[in-house]
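Grab a pencil and work through these exercises at your own pace. Try each task before you read its solution.

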Amino acid sequence: MFQILYVLIKAIEPFLVPICFISAWAIVFMILGNILAAIRSSHRRAKMMHQIPCANCAYFTNDHRLKCPIHPTIASSEAAIGCSDYESTRPEFLDQFG
């Protein structure tokens, strides 16, 4: 049994170094790809969360029990983007700049 294994290892020995080299670099590139995908995904999620207007709304109470008396179910969520009852607490001239 070990003789067959020894012969097999000796047969693939010249190819072992290139196979390991390519495999190691493939693993490194996969890890880097996953890291970049995670960064891209979190950046996209952060952009979406910054569009939620609730924190600057006049009706926002900042109380964990009732964040918004008008729309309590969608307050501080993605569903609140484009809320029709939004009233800004910021000065009007600042709203022009975004």
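**Exercise 1. Describe the overall build of the chain.**
Task: How many helices and strands does the protein chain have, and what is its radius of gyration?

Solution, step by step:
- Start with the secondary structure. This is a predicted model, and its protein chain has 2 helices and 0 strands. Helix 1 covers residues 2-49, and helix 2 covers 92-95.
- Next, take the radius of gyration. The protein chain has 28 Å, whereas a compact globule of 98 residues would be near 13 Å.
- Now look at the box around the C-alpha atoms. Along the principal axes it is roughly 80 × 30 × 20 Å.
- Finally, check what is covered up. Buried residues are 7% of the 98 residues. The protein chain exposes about 8,400 Å², and 67% of that comes from carbon and sulfur atoms.

**Exercise 2. Follow two residues along helix 1.**
Task: How far apart are Ala46 and Ile27 in sequence and in space?

Solution, step by step:
- Count along the sequence: Ala46 and Ile27 are 19 residues apart.
- Then go from C-alpha to C-alpha through space, and you get 29 Å.
- Place Ala46: this residue sits in helix 1. Its relative accessible area is 33%, so Ala46 is partly exposed, given that this class runs between 20% and 50%.
- Ile27 turns up again in the next exercise, as one of the residues in a nonpolar surface patch.

**Exercise 3. Classify an aromatic pair.**
Task: Are the ring planes of Trp25 and Phe29 stacked, edge-to-face or tilted, and why?

Solution, step by step:
- You need two values here, because a pair of aromatic rings is described by the distance of the centres and the angle of the planes.
- Take the distance. The ring centres of Trp25 and Phe29 are 5.9 Å apart, and rings count as a pair if their centres lie within 6.5 Å.
- Take the angle. The planes of Trp25 and Phe29 stand at 35 degrees, so this pair is tilted. Stacked would need under 30 degrees, and edge-to-face over 60.
- How many aromatic pairs does the rule give? The count is 1.
- Look at the spacing. Trp25 and Phe29 are 4 residues apart in helix 1, which means about one helical turn separates them.
- Check the surface. Trp25 is partly exposed at 43% relative accessible area, whereas Phe29 is exposed at 55%.
- Put the pair in its surroundings. Trp25 and Phe29 belong to a nonpolar surface patch of about 1,200 Å², along with others including Phe21, Ile22, Ile27 and Ile39.

**Exercise 4. Sort the salt bridges.**
Task: How many salt bridges are there, and which residues form them?

Solution, step by step:
- Begin with the total: the rule gives 3 salt bridges. The nitrogen and the oxygen must be within 4 Å of each other.
- Pair Lys10 with Glu13. Their closest N and O atoms are 3.4 Å apart. Both residues lie in helix 1, 3 residues apart, or about one turn of the helix. Lys10 is partly exposed at 43%, and Glu13 is partly exposed at 40%.
- Pair Arg45 with Glu78. Their side chains meet with 2.1 Å from N to O. This pair links distant parts of the chain: Arg45 is in helix 1 and Glu78 is in the loop between helix 1 and helix 2, 33 residues apart. Arg45 is partly exposed at 46%, and Glu78 is partly exposed at 36%.
- Pair Asp63 with Arg65. Their closest N and O atoms are 3.4 Å apart. Asp63 is partly exposed at 25%, while Arg65 is exposed at 67%.

**Exercise 5. Find the unusual backbone angles.**
Task: What is the phi of Asn62 and of Ser76, and where do these residues lie?

Solution, step by step:
- Recall the background: most residues other than glycine have a negative phi.
- Read the angles. Asn62 has a positive phi of about 60 degrees, although it is not a glycine. Ser76, not a glycine either, also has a positive phi of about 60 degrees.
- Locate them. Asn62 lies in the loop between helix 1 and helix 2, and Ser76 lies in the loop between helix 1 and helix 2 too.
- Add the accessibility. Asn62 is exposed at 65%, whereas Ser76 is partly exposed at 30%.

Conventions
Residues are numbered from 1 along each chain as its sequence is written. This is a predicted model: local features need pLDDT of at least 70, side-chain atom pairs count only at pLDDT 80 or more; totals for chains, interfaces and linings use all residues. Side-chain values use heavy atoms; hydrogens and water are left out. Rings of Phe, Tyr and Trp (its six-membered ring) pair if their centres lie within 6.5 Å; planes under 30 degrees apart count as stacked, over 60 as edge-to-face and the rest as tilted. Buried means under 20% relative accessible area, exposed over 50%, partly exposed in between (1.4 Å probe, protein chains only). Patches are made of residues with over 30% relative accessible area and no salt bridge: like charges are joined within 9 Å, nonpolar side chains (Val, Leu, Ile, Met, Phe, Trp, Tyr) within 5 Å. Accessible areas come from the Shrake-Rupley method with a 1.4 Å probe; for residues, only the protein chains shown count as cover. The radius of gyration is taken over C-alpha atoms; the globule rule is 2.2 Å times the number of residues to the power 0.38.
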